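Thanks for making the time. I will go through two sheets and one arginine, and you can follow along on the screen.

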Amino acid sequence: MFKDFASLLGLTQFALLYVSSVGGLVCVFLFILGRSIRISREQSVLLDRKDAELALQWRAMEAHAMMNVSDGAGRMVEVNDTLVRASGYSREELLGRRLTEFLMPDDNSPTAVREALELMGYWTGETKLRRKDGGIFWTRTTIVAARDRNGRLERTVSLRTDITEIKARQAEAQNRALLDRLNDEVYVFAADTLQLLYLNRRALAVQGWDNTGYGGRTLADTTEGFDDAAFRDRVAPMLAGETEAMTYESILRGRPVEISLQLEDGYEGRARFIAVVRDISLRRQAEEARSQFVATISHELRSPLTSVLGALKLVTSGAFGQLGKKPGAMLGVALRNVERLIDLINDLLDLEKLDAGRMTFSMTRIDMSALVDEALAANSCYGDQLQVQFRRTGLRAVREIDGDRARLIQVLNNLLSNAAKFSPPGGQVEVELRDAPGALQVLVHDHGTGIPPAAQAHLFERFAQADGTNGRRPGTGLGLSIAKSIVEQHGGSIRFTSTLDVGTTFCVEFPTPLSLSQAA
Amino acid sequence: MTQTPRILHVEDDPDIREIALVALEVVGGLTVDQCASGPEALERAPGIAPDLLLLDVMMPGMSGEDTLAGLRAMPQFANTPAIFMTAKAQPTEVEKLRQLGAAEVITKPFDPMTLADQVLAIWERSRAGG
């Protein structure tokens with residue numbers, strides 16, 4: 001433009017010096033006029049172009065960034081469509097409110113913003129905002145302040161870029177860095193296709209893959225002989241929303257492992273599993289050692305107890321002639337306590353096996369009716385000692401369940417001996433067999449002292465023993481806990497009702513084979 | 001009159017030997033020879049010519065299982081009924097011992113007043129082919 005003006009001046013001087021006629025002046029005037037019109041036309045085109053460019057830039061910024069203008073009090077007076085979309089609020093819901101109302105509680109930016117605007121007139125940083133649907137969106141924000149002549153804050157203009165995805169990826173990268181430090185194998189895979197999405201360093205090392213080597217591979221590629229159908233059956237409750245996580249033990253590559261599965265929604269809204277595989281060989285070895293220790297100790301205890309019990313039984317049974325009243329009574333005390341010690345060792349061994357999941361059950365089809373008779377016969381002698389009579393009531397027909405014969409006898413023995421123990425001399429214990437929907441019940445009713453309410457809540461706990469055996473042979477305090485575990489391992493349940501000075505009824509319920517097959 | 005078996009009892013614990021001897025001989029009226037170890041049993045068994053073997057399982061040196069294998073290797077004891085006595089009462093242990101050819105497994109501690117009856121019942125069952 002200045003060049004044009006310089007040209008104009010140059011031309012005017014040229015005209016004054018060399019042209020003297022009016023015609024010449026008119027020519028010069030016309031020339032100058034024409035030239036000026038051309039210049040203003042060019043300027044106008046230039047300005048139009050500038051406006052268009054600015055408008056284009058504005059559109060690009062509108063599309064890219066969230067923008068809001070706030071008044072001196074911080075209330076929003078203008079919001080653009082991008083902010084409306086990102087926040088999920090309508091324009092009307094935003095206008096008039098302060099943006100700080102939408103900050104997450106852990107976002108401490110307002111103080112920094114205030115100080116920066118005061119000092120420098122602008123602030124740049126990150127904000128963590130809450131969407132209308134409760135979700136979070138992170139923004140990279142620049143706020144510029146405009147002040148009036150008196151320095152009072154008049155307006156602020158905020159421009160924000162959505163960095164939620166970047167933040168999420170940063171968080172994921174941090175998580176992955178942490179996962180890489182784990183000694184457990186971590187696998188992340190799509191819930192639908194089982195396609196592997198991530199393996200931590202340990203998992204990669206176990207698989208012998210490099211960091212880029214699992215694209216396109218699925219969970220099946222991680223384990224030889226992977227049973228796809230069995231895995232999908234196992235995780236079905238998770239996919240059905242019944243549970244979010246599960247932990248189970250398995251054998252992988254010949255080693256015992258514990259697998260923890262977690263289902264979660266990925267960023268793309270695609271459900272994925274996170275599996276943590278932990279080698280539990282050492283734990284198993286420790287369990288094995290503990291089990292071996294308990295077995296050895298109990299064996300070492302049983303051998304001397306065999307001698308003590310044997311000697312006492314021989315003497316108190318009169319194998320060497322009748323004993324005097326006092327020595328007989330004293331040896332009777334010794335005998336009862338040796339028997340108690342043996343019971344305790346047996347119970348501890350059972351508990352150890354139940355805890356280690358090592359109690360084996362030889363399941364066969366059993367006639368519960370005959371088993372009840374067997375238990376009654378086995379306990380009649382004990383009942384006689386306590387002057388308690390057992391009576392069979394209810395069903396007598398054949399009623400079959402699937403169970404371990406020896407373990408079920410153990411449960412019945414425990415219930416019958418408890419009932420006798422808590423019955424008064426001359427009392428009666430009824431053992432009833434009855435049908436229930438899909439199940440078979442054995443009820444043991446006694447008419448003893450009943451279980452005090454305070455003791456009822458803890459009855460199935462270890463070493464829980466209610467008083468009231470009337471000074472008779474106490475138990476180990478483990479029997480009911482063991483009985484409960486055994487019954488539950490049979491898919492059954494055990495419960496009781498008790499009234500003080502009226503009596504107690506224990507009910508053991510087992511699923512019948514028919515109900516089991518229907519459930520399957 | 002029912003013929004009673006001659007029993008060879010092998011047990012390393014002298015107290016348990018004593019209890020078992022009283023239980024079988026005094027209470028049960030049976031004839032019992034006792035050995036304190038597997039090797040002793042293998043040496044004396046041909047001379048004793050027992051009808052029934054009663055073997056402790058856990059013995060130092062030669063176990064009850066090995067003792068039975070040694071006796072079975074002698075033709076005269078290839079089919080002699082054997083009973084194991086063990087303090088390991090786990091069903092899996094009991095099953096393992098049965099598979100070794102034991103007619104029965106008696107768990108410790110045993111009842112000395114009924115031991116002889118138990119042993120006789122097992123012997124009768126074995127003779128009957130059970």
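In chain A, five strands make an open sheet in the order β7-β6-β10-β9-β8, and the pairing is antiparallel. Please keep in mind that this is a predicted model. At the edges of the chain A sheet stand β7, residues 196-199, and β8, each of them paired on one side only. From one strand to the next, the twist averages 25 degrees.

Let me walk through the pairs, beginning at the β8 edge. Strand β8 of chain A covers residues 245-252, and it pairs with β9, residues 255-265, in the antiparallel sense over 8 bridges. Across that pair, A:Glu249 stands opposite A:Glu258. The two strands β8(A) and β9(A) form a hairpin with 2 residues between them. In the turn sits A:Arg253, with a positive phi of about 50 degrees.

On to β10 of chain A, residues 271-279: 9 bridges join this strand to β9(A), and the two run antiparallel. Here A:Leu261 stands opposite A:Ala275. Then β10(A) also pairs with β6, residues 185-190 of chain A, again antiparallel, over 6 bridges. In that pair, two phenylalanines stand opposite each other, A:Phe189 and A:Phe273.

Which helices lie across these strands? Helix α8 of chain A, residues 228-239, lies across β6, β8, β9 and β10, and runs at about 40 degrees to β9(A). Helix α9(A) lies across β8, β9 and β10, at about 130 degrees to β9(A).

That brings me to the arginine. A:Arg302 lies in α9, which spans residues 281-316 of chain A. A:Arg302 is buried, yet has no salt bridge. How far away is the nearest side chain of opposite charge? That side chain belongs to A:Asp350, and the distance is 7.3 Å; the cut-off for a salt bridge is 4 Å, so this pair does not count as one. What A:Arg302 does have is a polar contact of 2.5 Å with the side chain of A:Asn346. There is also a partner in the other chain: the backbone oxygen of B:Lys108 lies 3.0 Å from a polar atom of the A:Arg302 side chain.

So much for chain A; now chain B. Chain B has 5 helices and 5 strands, and along the sequence they follow the pattern β-α-β-α-β-α-β-α-β-α. Of its 130 residues, 48% count as buried. Among contacts in chain B with a separation of 6 or more, 62% come from residues 24 or more positions apart.

The 5 strands of chain B form an open sheet in the order β2-β1-β3-β4-β5, with parallel pairing. Its edges are β2, residues 31-35, and β5, residues 104-107; each has a single partner strand, so one side of each is left without a neighbour in the sheet. Neighbouring strands in the chain B sheet are turned by 20 degrees against each other on average, direction ignored.

Take one pair from the chain B sheet: β1, residues 6-10, and β3, residues 52-56, are parallel over 4 bridges. There, B:Leu8 stands opposite B:Leu53. Helix α2 of chain B, residues 38-48, packs on the sheet and touches β1 and β2, its direction making about 145 degrees with that of β2(B). Helix α3 of chain B, residues 64-72, lies across β3 and β4, the latter being residues 82-86, and runs at about 150 degrees to β3(B).

That is what I had; I am happy to go back to any part.

Notes. Residues are numbered from 1 along each chain as its sequence is written. Chains are lettered from A and ligands numbered from 1 in the order in which they are written. This is a predicted model: local features need pLDDT of at least 70, side-chain atom pairs count only at pLDDT 80 or more; totals for chains, interfaces and linings use all residues. Side-chain values use heavy atoms; hydrogens and water are left out. Buried means under 20% relative accessible area, exposed over 50%, partly exposed in between (1.4 Å probe, protein chains only). Lys and Arg count as positive and Asp and Glu as negative; His and the chain ends are not counted. A polar contact is a pair of N or O atoms within 3.5 Å; within protein, one must be able to donate a hydrogen and the other to accept it, and residues adjacent in sequence count only if both atoms are side-chain atoms. Two strands pair if DSSP finds at least two bridges between them. Axes are lines fitted to C-alpha atoms, for helices over the stretch in contact, and angles run from 0 to 180 degrees between N-to-C directions. Contact means heavy atoms within 4.5 Å.
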